[in-house]
Amino acid sequence: MDDKIVLTGIKPTGTPHMGNYIGALKPLIEMSQNHKTFMFIADLHALNSVHDAKEIKQHTYEIAALMIAMGLNLENTVLFRQSDIDEIYKLSNFLMNVTPKGLMNRAHSYKAYVEKNTEIGADVDAGVNMGLYTYPVLMAADILLYNSDIVPVGKDQKQHVEFARDIAGYFNNTYGETFKLPEPIIGSDAGLIPGLDGRKMSKSYDNTIPLFAPSGELKKKIMRIITDSKTPDEPKNPDESTIFQLYKFFADENEIAELREKFIAGGMGYGTAKTILFEKVDSVLATPRAEYERLMANPSEIDAILANGAERARAVASKTIAKVKKKMLG
Ligand code: ADP
Ligand code: TRP
């Protein structure tokens with residue numbers, strides 16, 4: 001274990017699917033085995049797009065339960081809910097005063113709105129609330145509050161981590177050395193998980209398989225995976241098959257090699273391949289799924305874990321706020 005502080009946030013905007021798990025959550029769970037990690041459910045970041053408290057709460061529990069059921073190391077990891085830490089609102093507000101407005105204008109997510117609005121002839125800021133506009137400041141506060149060294153994120157979040165570095169720099173230049181400059185670690189696109197229709201699995205495409213879908217639903221979803229029209233006899237290309245791509249993440253090396261052979265040799269229909277995939281996923285996930293379902297049925301257990309995390313997070317956050325307040329207000 002090195003002593004670098006790893007931090008990341010996960011936005012509770014959907015039920016976690018296989019793509020989220022394989023691309024983002026699994027690497028975090030692995031990292032938690034030998035790093036001190038701050039990991040939080042970024043419910044405040046969900047607020048600019050989700051205005052339904054029940055939905056945010058439900059997805060918060062789902063993400064926490066999934067991480068716990070999949071073996072997150074809770075000793076090394078401070079797992080908490082972002083909104084439980086009052087210091088985050090304070091730091092975010094303090095940082096507003098050293099953050100140039102122009103930096104926010106350059107944020108990809110905001111610019112996407114401006115471009116879309118311009119295209120359709122609407123007001124440039126139509127549909128943009130201040131939560132969306134100042135999103136990068138809140139994210140910088142998340143990162144800087146806990147003295148983070150390393151921030152693992154998807155490619156779409158890289159700019160936000162760079163902004164956190166910039167904002168830390170503006171603060172340090174104005175008030176003297178205070179914040180460490182965080183480094184992003186970017187997950188590669190190479191491992192993008194395909195969804196039911198072969199495009200990237202994403203809630204925006206409605207092509208997802210929830211990681212912990214009950215057995216019956218899992219089977220239905222897998223049977224709906226779109227394939228080409230090759231007959232059972234024809235040889236098939238495993239590397240172009242969503243079925244095989246998903247299988248690779250759940251099977252061991254020998255099993256993967258065996259299924260690859262069957263694809264190439266011909267004589268196996270896609271229906272059979274789907275059944276093989278379903279049975280593998282269903283059996284690999286059976287034990288953690290039972291634990292996930294148990295936790296979801298006992299949310300007070302999740303609350304207790306998150307409350308413990310919040311307490312540990314607050315111990316660090318309150319020191320940062322005291323330091324910042326002193327520098328800014330004397
Ligand atoms: P969605 O595309 O369903 O809206 P998010 O954008 O909320 O998912 O994804 C959260 C994280 O999960 C992303 O930062 C990314 O790292 C990971 N992720 C999402 N979909 C995939 C996928 N199909 N393959 C690999 N990783 C993914
Ligand atoms: N913005 C991130 C996302 O949309 C989630 C997030 C919030 C985050 N705060 C963070 C990620 C701090 C890393 C560090 O996925």
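# Exercises on a ligand shell, a helix and salt bridges

A polar side-chain atom of Tyr135 lies 2.6 Å from a nitrogen atom of ligand 2, and the exercises below, which concern a predicted model, start from this contact.

**Exercise 1. Describe the surroundings of ligand 2, beginning with the polar side chains that reach its nitrogen atoms.**

Solution. Step one is to place two further residues beside Tyr135: a polar side-chain atom of Asp142 lies 2.7 Å from a nitrogen atom of the ligand, and for Gln157 the corresponding distance is 2.8 Å. The protein covers 91% of the 370 Å² of accessible area that ligand 2 has on its own.

Step two is to look at the whole shell, where 14 residues surround ligand 2 and where His45, Tyr135, Met139, Asp142 and Gln157 come nearest. Sorted by class, the shell consists of eight nonpolar, four polar and two charged residues.

Step three is to ask which elements supply these residues, and here strand 1 (5-10), helix 8 (135-145) and strand 4 (150-153) each give at least two. The largest share, four residues, comes from helix 8.

**Exercise 2. Decide whether helix 8 is enclosed by the rest of the structure or open to the outside, and follow the chain beyond the helix.**

Solution. Step one is to recall that a residue counts as buried when its relative accessible area is under 20%. Eleven of the eleven residues of helix 8 are buried, so the helix is largely enclosed by the rest of the structure; among them are Tyr135, Met139 and Asp142, which also belong to the residues that come nearest to ligand 2.

Step two is to move past the end of the helix, where Asn147 follows with a positive phi, near 55°. Asp149 then sits in the loop between helix 8 and strand 4.

**Exercise 3. Work out what Asp149 touches, although it lies in a loop.**

Solution. Step one is its accessibility: with a relative accessible area of 15%, Asp149 is buried.

Step two is to list its partners, leaving aside neighbours within four places in sequence, and these are Asp3, Lys4, Ile5, Lys180, Pro182 and Glu183.

Step three is to pick out two polar contacts among these partners, since the list alone does not show them: the side chain of Asp149 reaches the backbone nitrogen of Ile5 at 2.8 Å, and a polar contact of 3.1 Å joins the side chains of Asp149 and Lys180.

**Exercise 4. Explain how Lys26 and Glu30 are placed relative to each other in helix 1, and compare their salt bridge with two others.**

Solution. Step one is the pair itself: Lys26 forms a salt bridge with Glu30, the closest N and O atoms being 3.9 Å apart, which falls within the 4 Å cut-off for such a bridge.

Step two is the spacing, for the two residues stand four apart in helix 1 (residues 18-31) and are therefore separated by about one helical turn. An α-helix has 3.6 residues a turn, so residues three or four places apart point the same way.

Step three is exposure: both count as partly exposed, Lys26 at 28% relative accessibility and Glu30 at 47%.

Step four turns to the other bridges. Arg289 and Asp282 meet at 2.8 Å, N to O, and both of these residues are buried. Arg81 and Asp84 meet at 3.5 Å, with Arg81 buried at 13% relative accessibility and Asp84 partly exposed at 28%. Salt bridges that share partners join Arg81, Asp84 and Asp303 into one network. In total, the count comes to 13 salt bridges.

How values were computed
Residues are numbered from 1 along each chain as its sequence is written. Chains are lettered from A and ligands numbered from 1 in the order in which they are written. This is a predicted model: local features need pLDDT of at least 70, side-chain atom pairs count only at pLDDT 80 or more; totals for chains, interfaces and linings use all residues. Side-chain values use heavy atoms; hydrogens and water are left out. A salt bridge is a side-chain nitrogen of Lys or Arg within 4 Å of a carboxyl oxygen of Asp or Glu. Buried means under 20% relative accessible area, exposed over 50%, partly exposed in between (1.4 Å probe, protein chains only). A residue is near a molecule or strand if one of its heavy atoms lies within 4 Å of it. A polar contact is a pair of N or O atoms within 3.5 Å; within protein, one must be able to donate a hydrogen and the other to accept it, and residues adjacent in sequence count only if both atoms are side-chain atoms. Accessible areas come from the Shrake-Rupley method with a 1.4 Å probe; for residues, only the protein chains shown count as cover. Ala, Val, Leu, Ile, Met, Phe, Trp, Tyr, Cys and Pro count as nonpolar, Asp, Glu, Lys and Arg as charged, and the others, Gly among them, as polar. Contact means heavy atoms within 4.5 Å.
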